[in-house]
Amino acid sequence: MNMLTSLQNLLIQSWQTLFIALPALRRNLMRSLLTALGIIIGVASVIAMVAVGNGAQAGIQAQVSALGENLLTIFAGSSRSGGVNSGLGSASTITIADADAIGREVRDVVGVSPEVSTTAQAIANGRNWSTSIVGESPDYLKIRNWKLTDGSMFTDREVRSAARVAVIGSKTALELFGPLNPIGQSVRVKNIPFVIIGLLESKGSGMGGQNQDDRLIVPYTTVMKRLTGDRFLRSVNVQVAGSDRMEVAQQQITALLRQRHGLTAGHDDDFNIFNQKDIAETVTSITGIIKLLLGAIAGISLLVGGIGIMNIMLVSVTERTREIGLRMAVGAQPFAIKLQFLMEAVTLSLLGGLVGVLFGIGMARLVGVFANFKAVVDVSSILIAFAVSCAIGVFFGFYPARKAAALDPIDALRYE
Amino acid sequence: MSAPAPALAKPLLHLQDLTKTYHTGEVEVKAVRGVTLEIQRGEFVAIMGASGSGKSTLMNMLGCLDQATGGAYLLDGDDVATLDRRQLAMLRNRKLGFVFQSFNLLARTTAIENVELPLLYTMPLTSAKERRRRAVEALERVGLANRLDYHPSRLSGGQQQRIAIARALVSQPELVLADEPTGNLDTRTSIDIMGLFQELNDSGITIVMVTHELDIATYCKRVIVMRDGKVISDNANAERRRATEALAALDDAEKEANVA
Ligand SMILES: Nc1ncnc2c1ncn2[C@@H]1O[C@H](COP(=O)(O)OP(=O)(O)OP(=O)(O)O)[C@@H](O)[C@H]1O
Ligand SMILES: [Mg+2]
């Protein structure tokens, strides 16, 4: 009961004090604005940075999942062979038979696509364009969750016969054929004519930044027999039945390949399995760290803003020493003086926070326009920014306010 | 409260051997050296004395703005030395009003806001409406009801001092303390202010004021003279003048001067 009335008193007193604090701030409008600017910049950068971090994270995660669902990629070569890493897929260890065995013997595997690739000039329609020629199996589109906008994928029979058919990326099609429909057209690679039977949906740039739309996808057998003469695969793309089966499938594939390659306990794997789930987790943790860093940098500018408030409040207390003395003479208790200066500091920082939130949202929008991802402003960062700027006002306003309240009335009144 | 004090009633102010010593570095300044004094309700006291005789120091102690070094000071029966900062502030707010030589109004703040100032710090709190009502009333009492929204910079010295007096009155204090309230004003305005003080005193408010001018002291009921931190004389003023009469006389004199 007693506590309730004293709390109520405090609220009313704070409310009254607001009408002392606000005019005081307005009297020094320019100074108040400049002081609040520190907080405005701090809060705005916190909001914008977190939004950009969120957006980048969401964008990268989308790219990772665009790799395909429940994807395992087996690369030839060990990542730690003799301390020299010559690049994944460069070693010659995985054969077509290995890929077939994976599809046949590992239970949860629902799709297998052996992969080989090369770069070559593609000539068609009187134009010349350097592009990637990627050899895959018909499962590839399903594994990568990729669709055709026109035509169809080649078949298993065409793989067996190393047929000269190709599915063309949207960028390559544009470069070679312009607005013409590429389906049914012929394209020459290393003097071998291919018939274009399908047009890939545009996928944009991938994880490594390479344009996924600039390629010709052909049967892997065709690349090996007709273009490069390779007998080994660069990698094998494998789709697993469910994300909970990834671990088991990876273990089984490892065991199978070790057995097929005759590796005993003392030998390292001569292949490397990339788990899409692992990549996604790594990416999430890396972008999380980046987000934290961005947030920390923004937080520091908020701190600097707070110090600015403290600085100005200290100046203000000194300037208004006589006013403080007068207020004390007419009966202001030390607490009332403290409340007044605290209120000024909190008003400055809260106002700064409010404007900062608006600026931050604007900045996030602007970044979203220029970057290829959407900056996501979440409500929690707004609430936190508000709470923090309020806390900064209290924290950095406290010392000057206490200094004001500790003044001796007669000394303050006599102050020149 | 404003009824005439019976003989046995306790005095409003009771000073017993009050001293104040300032320590500034090595030197000790004994500003007040043992003042014993009683002031009853309804009195109008002038404190006079040479510069440096300790008048302001004494006033600051009376106003609970400064603590005595020795002796006792009872205000309305309460020993001030036993009160903490918070209680002293509350006491100043309830029982005391101050008028300063330099007015001490808040600049860039309207007359009425200046007058409302003490009411911001009352316990229990005073509502905005009530604050305004009482501030207007106080300004009416000093004859400045038509200057509510003026800033001090746009008012004459006499008007500023009237606002300061309204501020001292607004919390209905028992005691008004004024340290050279007419020190910055011309003769006519000074008499004006004294007239206002006499009115207040007639309504029951006790007034203690410091002045250098013998002429001003003649408007008070009792005159105390200090020298070197001590009271050297303390007499009732038998030939007390009324400010209203003095002003009328001044008017007549001016008229004659104009005619001549
Ligand atoms: N804060 C202080 N610190 C040190 N000495 C002080 C202080 N205030 C006053 N004094 C000294 O105390 C003595 C009395 O000063 P006080 O201001 O009371 O005189 P006064 O009678 O009011 O003089 P005046 O008529 O000039 O106002 C002076 O010698 C002065 O130097
Ligand atoms: Mg003095």
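Me: Contact means heavy atoms within 4.5 Å. On that rule, how many residues of chain A are in contact with chain B?
Reply: This is a predicted model, in which local features need pLDDT of at least 70, side-chain atom pairs count only at pLDDT 80 or more, and totals for chains, interfaces and linings use all residues. Residues are numbered from 1 along each chain as its sequence is written, chains are lettered from A and ligands numbered from 1 in the order in which they are written, and side-chain values use heavy atoms, with hydrogens and water left out. Chain B contributes 26 residues to the contact, and the partners in chain A number 27.

Me: Which three residues supply the most of the area that chain B buries against chain A?
Reply: Buried area is the accessible area (1.4 Å probe) that two parts lose on being put together, summed over both. Chains B and A bury about 2,400 Å² between them, and 56% of it is on carbon and sulfur atoms. A share of 29% of what chain B buries against chain A, more than any other three residues give, comes from Arg85(B), Tyr121(B) and Leu125(B).

Me: Which helix of chain B gives the most residues to the side that touches chain A?
Reply: Helices (H or I, at least four residues) and strands (E, at least two) are DSSP runs, numbered from the N terminus. Six residues on the side of chain B that touches chain A come from one helix, residues 85-95. At the start of this helix, a side-chain oxygen of Asp84(B) reaches to within 3.1 Å of the backbone nitrogen of Arg86(B). The helix is α2 of chain B.

Me: Against which helices of chain A do the buried residues of α2(B) pack?
Reply: Buried means under 20% relative accessible area, exposed over 50%, and partly exposed in between (1.4 Å probe, protein chains only). The buried residues of α2(B) include Leu88(B), Met90(B) and Leu91(B). Within chain B they pack against β4 (70-75), β5 (78-79), β6 (96-99) and β7 (175-179). In chain A, they pack against α10 (321-329) and α13 (409-414).

Me: Why does the pair of Phe44(B) and Phe197(B) tie together parts that are far along the sequence, and how many residues apart are they?
Reply: Rings of Phe, Tyr and Trp (its six-membered ring) pair if their centres lie within 6.5 Å; planes under 30 degrees apart count as stacked, over 60 as edge-to-face and the rest as tilted. Phe44(B) and Phe197(B) are edge-to-face, 6.4 Å centre to centre with 70° between the planes, and both are buried. Because Phe44(B) lies in strand β3 (residues 44-49) and Phe197(B) in helix α6 (residues 187-202) of chain B, the parts they tie together are apart in sequence by 153 residues.

Me: Is Pro181(B) buried or exposed?
Reply: Pro181(B) is found in the loop between β7 and α6 of chain B. Among the residues it touches, not counting those up to four places away in sequence, are Val99(B), Phe100(B) and Phe197(B). Because its relative accessibility is 1%, Pro181(B) counts as buried.

Me: Which side chain makes a polar contact with the side chain of Thr122(B)?
Reply: A polar contact is a pair of N or O atoms within 3.5 Å; within protein, one must be able to donate a hydrogen and the other to accept it, and residues adjacent in sequence count only if both atoms are side-chain atoms. Thr122(B) lies in the loop between α3 (111-116) and α4 (128-141) of chain B, and its side chain reaches the backbone oxygen of Pro124(B) at 3.0 Å. At 2.6 Å, the side-chain partner is Thr126(B).
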